[in-house]
Amino acid sequence: MSGEAGPGIGGPETVGPGTAAPGTVDPGIAAPGTVDQRSEGLDIRGLEVRYGPVRALRGVHLAVPRGAVAAVLGANGAGKTTLLRAVSGTLRFHRGAITSGTVAFGGSRLDGVPAAAVVRRGVVQVPEGRRVFARMTVAENLRAGALSVPGRRAAAARERVLELFPVLAERAHQRAGLLSGGEQQMLAIGRALMAGPSLLLLDEPTLGLAPLMAARIADTVRQINAQGTSVLLVEQNAAMALALAERAYVLEVGEVTLSGPAADLAASDEVRRRYLGVGVPETDRPVGTDPGPAHERPERTRLARWTA
Amino acid sequence: MAVFLELLVNGISVGAVYALIALGFVVIFKATEVVNFTHASLLLAGGYAIAWLHPLIGFWAAVAAGIAAAALVGALVEFLILRRAHVGSRGVLAIVTIGVDILLTTELTRRIGTEVLALGDPWGDRVLRIGPVTVAETRVVALAVAAALIVAFLLAFKFTGWGVAMRATAEDAETAALMGVRLGRVSLSAWAVAGALAAVAAMFLCVFPTPGLDRGTAAAAMKAFPAAILGGLDSTTGALAGGLIVGVTETLMSGYQSELAFLGRGIGDAAPFLVMIVILLLRPSGLFGTKEPARV
């Protein structure tokens, strides 16, 4: 897969979870008022979302300061994707609606704003499952990402994206549906970057990818953030998410049950047990590092055939 | 042989006009996944505007006004009715378009009455002779204009921002919205473009050898429906191929009617639908379609 030949394969500089000193984790919701200094970034307060009679989010407070990476962890069905839909204005495609609370970015409200207008305010989402336009070429997909910006800015964005993902330049005239999973994820992220977002919403970017490719994507997220884009990362791969983020939130059945600095969360017993699977050596390993030859790895539980 | 060539040229020319109408069906279906049964009345509206205006402002200005009028009617149907009809199923929306079509057609046929309205076109009944083949000038112009419009349309679809937005929406509307595509505008422009194409088609359907616009003209528009279906409802290439197949089949069957007397009179009108059925039996998504048209 030539997509793995680009720059930035996750290296050992990645900070592994579990290495941070145990700190205080503030359980529950951050106290109202503590997010004021972040009003420049994304600021979600008391958010409640319903799909008809089903309440998917309950009183969610969350903040992504400008230039920061925040992670949202949680199991399937916890409401992670719903949270992103509420920000990106796509709840209506799923017959959902914000029933109370606010979503603000850069000081102006995003709740009730249609998806296309959210993009114009600098908030762009990379949807779960990549969802590239399979029948269009790679170049056309990138163009689709830049439809909301003027031509000159689109050209500059395109240069930046192709620098980040050289493989997309090689595949420019191929149909996006023919790319590998990793390449499609790169295209999905590249397509979102074409709009020049101030805040990038990433929904499970490493889902279904090989570990090396997942590490590559993680590294790319780091680069994107280093260039000044804030990131709200929704992930089931908690080890990766906590290594990337400065602040993290744990979502359970529609509520934030834990939030705090990512390093503190990574050190908390509950997170280690429930999301990092403490005791399994692989998950304690820094993201993107080679586990080493099989004979050097610590011995794992031996598999046994189950018989009735 | 000369007869066959004449019929073939006429068939291709009529087929190109059907392709314009079918293209309208396809554009609306791609942008909104709605099968637009209002198309026949859009065509009638465009034709009526040309017939009504040409004595006042001249033929070419009337054509421009007719195209604008049909585009406006299309946009209004989208904006006032379909956008506000919050129904879950596209099938229900298709039925809504049938209702709108009946309303519009009833009003337009009431205005047209029993008259046959001439469009005042400059070609009249002049014919061109190329070797043994005799073709009406209107047919040659129709072929040239339809071909030019189709090429321009396909290029726009492929290369302009509008075309990219349209194709992105057709493939995945939610993701297109996440890219900043304004779905309302895409849908509105699709209806307007379909209306404009229908008006051009109306002009060519109502000039020589047809005597003019009458209340039956809307029925001609329905022939573009098998064209769109057999080509594949979501394929612009399919609309083109479907239009040509329907045009050529209809013209050849009508032209050789005396040899085909055992099939009964009026086989030319039925033939496009027979071809459609045969093609759908062999290829359920049409010749170039990628989705099941059965989602109607």
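Chain B of this predicted model contains 12 helices and 2 strands. Following the sequence from its start, the order of these elements is α-α-α-α-β-β-α-α-α-α-α-α-α-α. The two strands therefore come after four helices and are followed by eight more in the pattern α-α-α-α-β-β-α-α-α-α-α-α-α-α.

Next comes the overall form of the chain. The C-alpha trace of chain B extends over about 60 × 50 × 35 Å along its principal axes. For a compact globule of 296 residues, the expected radius of gyration is near 19 Å, and chain B agrees because its own value is 19 Å. Of the 296 residues in chain B, 51% are buried. Contacts can also be sorted by how far apart the partners are in the sequence. Among contacts in chain B with a separation of 6 or more, 74% join residues that are 24 or more positions apart.

One helix shows what burial looks like in detail. Helix α6 of chain B covers residues 161–171, and 8 of its 11 residues are buried, so this helix is largely enclosed by the rest of the structure. The buried residues of α6(B) are B:Val164, B:Ala165, B:Met166, B:Arg167, B:Ala168, B:Thr169, B:Ala170 and B:Glu171. What do the buried residues of α6(B) pack against? Within chain B, their partners are α1 (2–32), α5 (137–159), α7 (173–178) and α8 (183–205). The buried residues of α6(B) also pack against α3 (138–145) of chain A.

That last partner leads to the contact between the chains. Chain B contributes 15 residues to this contact, and chain A contributes 22 residues. On the side of chain B that touches chain A, the elements giving two or more residues are α6 and α7 of chain B. Of the elements on this side, α6(B) gives the most, with 6 residues. Sorted by class, the side of chain B that touches chain A holds 7 nonpolar, 3 polar and 5 charged residues. Helix α6(B) thus appears twice in this account: 8 of its 11 residues are buried, and 6 residues of α6(B) belong to the side that touches chain A.

A residue in a strand gives a contrasting case. B:Ile130 lies in strand β1 of chain B, which covers residues 127–130. Is B:Ile130 buried or exposed? B:Ile130 counts as exposed because it has 11 C-beta neighbours inside 10 Å, and the cut-off for exposed is 12 or fewer. B:Ile130 and B:Glu6 are 124 residues apart along the chain, and their C-alpha atoms are separated by 10.0 Å.

Methods: Residues numbered from 1 in each chain as written. Chains lettered and ligands numbered in written order. Predicted model: local features only at pLDDT ≥ 70, side-chain atom pairs only at ≥ 80, totals over all residues. Rg over C-alpha atoms; globule rule 2.2 N^0.38 Å. Buried ≥ 20, exposed ≤ 12 C-beta atoms within 10 Å, placed from the backbone. Contact = placed C-beta atoms within 7 Å. Nonpolar A, V, L, I, M, F, W, Y, C, P; charged D, E, K, R; others polar.
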